[in-house]
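Welcome to a short set of exercises with worked solutions. Keep the model open beside you and try each task before reading on.

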Amino acid sequence: MVGGLRELAAPFMVPGPCGVAVRDRLKHLTPQDENVLRLVGEHQGRLASRDLRARCADALEHGADTWASCKRDLTVLSSSRIAGAITKATHDQWALARRCQAAHIQTLESGIRTLRHRLSLPIGEPGTKRAAGGYRSKGEWFRKSRRLAALEARHDAAVRDRQPGQVRVVRGSKRLLNTRHHLADAHLTEGQWRERWEAERWFIAADGESGKRFGNETIRVTRDGEVSIRLPAPLAHLPNARHGRYTLTSTVAFAHRGQEWADRIAANRAVAYRIHLDTDRGRWYLTASWQRPTVQTIPLETARARGVVGVDTNADHFAAYHLDPHGNPIGDPHRFGYDLSGTAAHRDAQIRHALTRLIRWAKQTGATAIAIEDLDFTTEKTREKHGRRKRFRQLISGIPTGRLKARLVSMAAEQGLSIVAIDPAYTSLWGAQHWQKPLATPHRTMSRHDAAGIAIGRRALGHPIRRRTAPPPHDRSDRAGHRTAQAPPGTRGRDGIRPPATDRLPGGPSPNGKRKRGPSASNTVRDAPRTQQWVQDSLMHTG
């Protein structure tokens, strides 16, 4: 804390994406094709479930020898490449569960600290801007004490699971499993839920391998879009092509990044594929993914050279403002709205559409970087922190910060734009204080969010958020000679008070040794003659 304010983190360049994924629909599949895909998915899904159970049982004792043993057992029932893909996916899922377990423990610890602090205060104790006060009644105090006991029990159980490495994982997602008990609320029948549950537990995927034909030996896609699958050993009676392969009647053509994909398979570079069924639409899809070399981000000074676009993220829109390299706002504010209600697919489409319009407008401005807040609401969504502010907790929970960051970074990199992340502290408060009213005109309405976009852009450029003091009115002697021009970053005292218009001290002699103005005769009779002469300074009056 510095002067009662939190110390701000320095802006930094967000690294570019390291992977690419494209998808296309498998159209005009025959009943035999769909039957083969279902059999392959069911067989390999059972192997993946068995391997995940063994991996969770091994916990922290799992090592290279155990991994190799599991892979050998799976190879007999499938192939070496399928076994490698299953064991890798299993370990990744176990590692993800461990990270989520650690995050859950940290959330419980934060809630426990807050509850203990508030319960230790007298009832009715007022809070401060930095910490909450005591509870308002004895009844609330009692209920929160029960809440504390429940959180402590959950924390102890989570710690007991984490110490030996025990995790709880559900193939097919825990949310879908819980939906089985609420079919009426989900508007599903038992048969529809069963179909979705089985499809989510299928495993039709294969990692790529450089040097192999078309970059993948298990699921192969040729330049013409022909898709063929290497069948596992128990399904060796189903192939319709040589070497135990089954070729689908459908072909794929990647419209997005299709040339990049074609260049990779032409050079026999690794491409991973995954086939899945969308049960809601009854459609099969094939997803291709590959890694890119780490993109070297440009220096921060280079990103600032042509100005930035400051973006304020809100629950229903992006508020953007274009700033020049000196931190001056250019033109009018822009808003890009989206609707985060409905299904997850609808919300994701809304985010992508809003980001597309934002990036297109940023390219038109000529800026080379987009400045955005480094938002993280992980510790802000708890009931213990905000109490009865349920609508506020729902508001910040609805902002998809993780998905937004990933989408923005990948989409901006395709257009040659860099992303500058800044500390979000006080941007809305100071933006509204210093920029909302001065930029409002009869033809331009400035909101608090628009002003926050200016604050975000100025912080990314290295300028202070607050504006310089306005020039004095015309009835003063300096006649508004001092302007509000921005001093460059690094100038000492650029946020200080306005310097004098002359280079002499108040009350001292003028630089040329002459007075600006002589004394005037007084018409008032005084007890003693006035001997001191005065000179009017540009900043203050002395006499």
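## Exercise 1: Strands around E5

Strand E4 (residues 219–221) and strand E5 (residues 226–230) are antiparallel partners, held by three bridges. Helices (H or I, at least four residues) and strands (E, at least two) are DSSP runs, numbered from the N terminus, and two strands pair if DSSP finds at least two bridges between them. This is a predicted model, in which local features need pLDDT of at least 70 and side-chain atom pairs count only at pLDDT 80 or more, while totals for chains, interfaces and linings use all residues. Residues are numbered from 1 along each chain as its sequence is written, and side-chain values use heavy atoms, with hydrogens and water left out.

Task: find the residue of E5 opposite isoleucine 219, then follow E5 to its pairing with E6.

Solution:
- Step one: isoleucine 219 faces isoleucine 229 in E5.
- Step two: look at the turn. Four residues separate the strands of the E4 and E5 hairpin, where glycine 225 has a positive phi near 90°.
- Step three: E5 also pairs with strand E6 (residues 245–251), antiparallel and over four bridges.
- Step four: serine 228 has threonine 247 in E6 as its bridge partner.

## Exercise 2: A second hairpin

Task: how many bridges join E10 to E11, and which glycine in their hairpin takes a positive phi?

Solution:
- Step one: E10 (residues 317–323) and E11 (residues 329–337) run antiparallel and are joined by six bridges.
- Step two: one bridge sets alanine 319 against arginine 335 in E11.
- Step three: there are five residues between these strands, and glycine 327 takes the positive phi, near 90°.

## Exercise 3: Two histidines

Task: locate histidine 28 and histidine 187, and decide whether each is buried or exposed.

Solution:
- Step one: histidine 28 sits in the loop between strand E2 (19–26) and helix H1 (31–58). Its phi is positive, near 55°, although the residue is not glycine.
- Step two: histidine 187 is in the loop between helix H6 (183–186) and helix H7 (190–201), with a positive phi near 60°.
- Step three: apply the cut-offs. Buried means under 20% relative accessible area, exposed over 50%, and partly exposed in between (1.4 Å probe, protein chains only). Histidine 28, at 72%, is exposed; histidine 187, at 71%, is exposed as well.

## Exercise 4: Cysteines and a surface patch

Task: how many disulfides does the whole structure hold, and where does isoleucine 123 lie?

Solution:
- Step one: a disulfide is taken as a pair of cysteine sulfur atoms within 2.5 Å, and the search finds zero.
- Step two: cysteine 70 is buried at 16% relative accessibility, whereas cysteine 100 is partly exposed at 47%.
- Step three: isoleucine 123 lies in the loop between helix H3 (80–120) and helix H4 (138–162), and is partly exposed at 42% relative accessibility.
- Step four: Ile123 joins Trp141 and Phe142 in a nonpolar surface patch with about 300 Å² of accessible area together. Patches take residues with over 30% relative accessible area and no salt bridge, joining like charges within 9 Å and nonpolar side chains (Val, Leu, Ile, Met, Phe, Trp, Tyr) within 5 Å. A salt bridge is a side-chain nitrogen of Lys or Arg within 4 Å of a carboxyl oxygen of Asp or Glu. Areas come from the Shrake-Rupley method with a 1.4 Å probe; for residues, only the protein chains shown count as cover.
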